[in-house]
Amino acid sequence: MELVKVVGANLRAARALRGLSLSETARRADIGKGTLSELEAGRRNPTLETLYALATVLDVPLGWLLVAESGAVAEPAVVVSRASGSDLSGQTVDVQLMDRVFSGGQQLEVYRLHVRAGSRYVSAAHRPRVIEQLLVHSGTLVVGPESAPETLGPGDYIRFDGGVDHVYQALEVDATATLVMRYAEST
C-alpha cells in the first residue's frame, strides 16, 4: 500500500482510538484542519514535522503511523534496501523507517537519518519513557536535549531522554546516522 494511504488510515485509527475530533486533533498538533483531513484521506504527503506533531498528540510512536500492520509472525530475516522502506522528508531531517521490533514490553524503531548541512531541527518532547539512541556515520551532528546537546562525529554515539525537547543540527556537511527510538509500554 502507498505510504500516504497507510499514514492516512493509521491517523484515522489513532484519532478514533483516542476519541478526538478532526478539529481538536488539528488544534493540538498546531496544523490546519484541512491539512489533517487531506492526510487522513491519503491525498497529501506528510512532512516529518507534521507527523511528529500528530504522533505526539495521538500518543503513538512515529513508526506506528508509517507501517501497515500485517499480522505476520516473526520473520527469520528482514532486509530493507535503501530504495525501499518508509521515507519521510522534513525541512531539516529526512528519515527512513528500517524496522520495528516489539520485545519485553518495549517497541524499538530503527531509522536511517539524514540531516542537511547548516540546518537545525528542534523536536518537541515525545511522550514520557521514550529513549533515543543515535550512532553517527558521517558528518558532525549537534544532538541531544536542547538544554545540553553534544557534538558528535563519525563513530560517536549518544543515548538521551526523548521526553524532553531535543535538537538535531548538522554543521558544515550533511550528516547521516542510525537512530533507534525505544518506547516503553504506557502505564
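**Exercise 1.** Which residue of strand 9 does Ser-123 stand opposite?

*Solution.* The model under study is predicted. Strand 9 covers residues 166-170, and its pairing with strand 4 is antiparallel, over four bridges. Within strand 9, the residue opposite Ser-123 is His-166.

**Exercise 2.** Determine the strand order of the open sheet and explain why strands 4 and 7 each have one side without a neighbour in the sheet.

*Solution.* Strands of a sheet pair through backbone hydrogen bonds, in a parallel or an antiparallel manner. Here four strands form an open sheet in the order 4-9-6-7, and the pairing is antiparallel. Strand 4 (120-123) and strand 7 (150-152) stand at the edges; each has a single partner strand, so one side of each lacks a neighbour in the sheet. On average, neighbouring strands are turned by 20° against each other, direction ignored.

**Exercise 3.** Check whether the span of helix 1 agrees with its number of residues.

*Solution.* Helix 1 (residues 3-18) has 16 residues. At 1.5 Å a residue the expected span is 22 Å, and because the end C-alpha atoms are 22 Å apart, the two values agree. After the helix comes Gly-19, which has a positive phi near 70°. Among the buried residues of helix 1 are Val-4, Leu-11 and Arg-15. The elements covering the buried residues include helix 2, helix 3, helix 4 and helix 5.

**Exercise 4.** Describe how helix 2 and helix 4 cross.

*Solution.* The axes of helix 2 (residues 22-29) and helix 4 (residues 48-58) come within 9 Å and cross at roughly 115°. This crossing is right-handed. Thr-25, Arg-28 and Ala-29 of helix 2 meet Ala-53, Leu-54, Val-57 and Leu-58 of helix 4. By class, the contact comprises five nonpolar residues, one polar and one charged.

Notes: Residues are numbered from 1 along each chain as its sequence is written. This is a predicted model: local features need pLDDT of at least 70, side-chain atom pairs count only at pLDDT 80 or more; totals for chains, interfaces and linings use all residues. Side-chain values use heavy atoms; hydrogens and water are left out. Two strands pair if DSSP finds at least two bridges between them. Helices (H or I, at least four residues) and strands (E, at least two) are DSSP runs, numbered from the N terminus. Axes are lines fitted to C-alpha atoms, for helices over the stretch in contact, and angles run from 0 to 180 degrees between N-to-C directions. A crossing is left-handed if the near helix is turned anticlockwise from the far one by less than a right angle, and right-handed if clockwise. Contact means heavy atoms within 4.5 Å. Ala, Val, Leu, Ile, Met, Phe, Trp, Tyr, Cys and Pro count as nonpolar, Asp, Glu, Lys and Arg as charged, and the others, Gly among them, as polar. The expected span of a helix is 1.5 Å times one less than its number of residues. Buried means under 20% relative accessible area, exposed over 50%, partly exposed in between (1.4 Å probe, protein chains only).
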